[in-house]
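Reader: I am new to this structure and would be grateful for a close look at a single part of it, the salt bridges. Please set them in their surroundings as you go.

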Amino acid sequence: IVIILLLAWVFASIATFRHPRKGSVPLKGWRRTMIRRALSCLTRTVFFVMGFRVKVKGKIAGPLEAPIFVAAPHSSFFDAIVSALTGMPSMVSRAENLSAPLFGTILSSLQPVSVSRQDPDSRKNTVTEITNRAMSGGQWPQILIFPEGTCTNRSCLITFKQGAFIPRVPVQPVLLRYPNKLVRRALSRRHKELCVMTLCQPFTRVEVEFLPVHVPTEEEKKDPILFANRVRETMASALNVPVTDHTFEDCRLMISAGQLTLPMEAGLVEFTKISKKLNLKWNHVREQLDTFAAIASASKGGRIGIEEFAEYLKLPVSDVLKELFLLFDRNGDGTIDFREYVIGLSILCNPANTEETIQMAFKLFDMDDDGTITEDEFACIIQSALGLPELDVSQLFKEIDADETGKLSYDEFKDFALKHPEYAKLFTTYLELQRYQLNMAEEDDFECPEANDAPARKSTGPGSETTAIARNKAHPDGNEDDNSSTSDKKDD
């Protein structure tokens, strides 16, 4: 195998000698012929030496008939056998791979579409480059793309990425099958284990089937997602496997969940679907997974119960907290999984956790208007919001009091609110309750002039009950010096 790789490097070096780098000009003439014949033959030989027996079905389309090959399901590096069968087409590869010794030269001779993680416009540039090559009329080699974007266990086809379908050109679906028991068991393992287990059997059977070229309709040309989904459905039907809305990002979340000692399935949130509906970003969801893992670490199965939820918020289980928990628990099974947690934060908490809400909440806690919140002021509102007059909130207060001064500044309060949006719903619920009670008191004052005599009308002036309620809305006991009635105090 080493000798074959060295020969491949020699041919690749000759073919790319004094040729412009970075894929700016396609290889033509003898250079391209050498790559197609020499590297294709050497690649087949490598797989043959490793014990692979390849069976090909269907007809391979030419570059004018189908500029792009889409292969699935993608399960391992062994899938590179498709390259040898299709005349060593170009692929999408990380830019770092081109600088690797030996393999970098071989890969460069295939003129891949390079992707750079350091370039913020890399995704856009990659799609543009694929489009230009696909519409070059055969000047560039055909492009081989694994539209799933990641490896799976071959039990289904996950969501196809749009890169192969945005150019709106015909594509040829390529199916990969490994009808071997040992390989099927190894597919869920790491690549090293997969390689060892595969080489342990005398030979490995591979079936590569080239389906008829899929020419996009006018409707599919206008909608790359529709184009991708229809090609996927065709391939899934031929493979006799289901399709799923999970994506490459879900696989990354699964890996992250496993690293956080959560069940790997905890990361399956159908990221692409919810990210489009809720306008979520990958980094933000990944941070939420860390928080979820911190809450669910004590529970079995990677789900959050009401007890874990209350412990995380450092609050006791109360009716108000149960109501908040039920808002997260979308299927009503008494627990919250990661998907429900993400949706709950996005729909319930983050919209409520605005600068305006934080300012209003801070003013609500700051009863004496001195610009800080004491523990007594903090306890008064939390106790009122939860309906627990004996609640001890000292531990929660200490967590917010970052500088340990015994008083909360606005910056400390804001920083805590942004990091823990779960509290936002508690604050806004309490604020809405106060507004409702204030409106009810105003309606009572409006009705008083009709039912009572003239002295009662004074309540609508500057020193009215409305002003007293607004000023003392944080104090359940109200102001002892005002002229409020008993019923008004109960409303307050």
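**Salt bridges and their setting**

Author: In this predicted model, Glu-129 and Arg-133 are joined by a salt bridge whose closest N and O atoms are 2.9 Å apart. Both residues belong to helix 5 (residues 122-134), and because they are four residues apart there, about one helical turn separates them. The two partners differ in how far they are covered. Glu-129 is partly exposed, at a relative accessible area of 25%, whereas Arg-133 is buried, at 4%. The cut-off that divides them is 20% relative accessible area, under which a residue counts as buried.

Another pair spans two helices. Lys-414 and Glu-355 meet through their side chains in a salt bridge, with 2.9 Å from N to O. Lys-414 is in helix 19 (residues 410-419) and Glu-355 in helix 16 (residues 355-365), so this pair ties together parts that are 59 residues apart in sequence. Lys-414 is partly exposed, with a relative accessible area of 25%, and Glu-355 is also partly exposed, with a value of 34%.

Helix 19 holds a further salt bridge, between Lys-419 and Asp-415. Here the closest N and O atoms are 3.4 Å apart. The two residues lie four places from each other in the helix, which is about one turn. Lys-419 is exposed, with a relative accessible area of 56%, while Asp-415 counts as partly exposed at 40%. Elsewhere, salt bridges with shared partners link Glu-219, Glu-220 and Arg-230 into one network. In general terms, side chains of opposite charge can pair when their charged atoms come close. A search of the whole structure finds 13 salt bridges.

The record gives a context for some of these positions. An unreviewed UniProt entry places the feature "domain: EF-hand" at residues 316-351, 353-388 and 390-423. Residues 353-388 are 64% helix and 6% strand, and the C-alpha atoms at the two ends of this span lie 24 Å apart. For residues 390-423 the corresponding figures are 56% helix and 6% strand, with the end C-alpha atoms 20 Å apart.

The nonpolar residues complete the setting. The largest nonpolar core has 56 residues, and those touching the most other members are Leu-315, Phe-328, Phe-338, Phe-378 and Ile-382. Helix 12 (residues 282-296) supplies the largest share of this core, seven residues. Phe-328 may be followed in detail: leaving aside neighbours within four places in sequence, this residue is in contact with Phe-309, Ile-336, Glu-340, Tyr-341, Gly-344, Leu-345, Leu-348 and Cys-349. Apart from this core lies another, of 31 residues, including Ala-12, Leu-42, Tyr-178 and Val-206.

Nonpolar side chains also appear on the surface. Trp-9, Val-10, Ile-14 and Trp-30 form a nonpolar patch there, with about 390 Å² of accessible area together. Three residues of the patch, its largest share, come from helix 1 (residues 2-15), and Trp-30 is found in helix 2 (residues 29-49).

How values were computed. Residues are numbered from 1 along each chain as its sequence is written. This is a predicted model: local features need pLDDT of at least 70, side-chain atom pairs count only at pLDDT 80 or more; totals for chains, interfaces and linings use all residues. Side-chain values use heavy atoms; hydrogens and water are left out. A nonpolar core is a set of buried Ala, Val, Leu, Ile, Met, Phe, Trp, Tyr and Cys residues joined through side-chain atoms within 4.5 Å. Buried means under 20% relative accessible area, exposed over 50%, partly exposed in between (1.4 Å probe, protein chains only). Contact means heavy atoms within 4.5 Å. A salt bridge is a side-chain nitrogen of Lys or Arg within 4 Å of a carboxyl oxygen of Asp or Glu. UniProt positions are given in the numbering used here, feature names are shortened, and annotations may be inferred rather than shown by experiment. Patches are made of residues with over 30% relative accessible area and no salt bridge: like charges are joined within 9 Å, nonpolar side chains (Val, Leu, Ile, Met, Phe, Trp, Tyr) within 5 Å. Accessible areas come from the Shrake-Rupley method with a 1.4 Å probe; for residues, only the protein chains shown count as cover.
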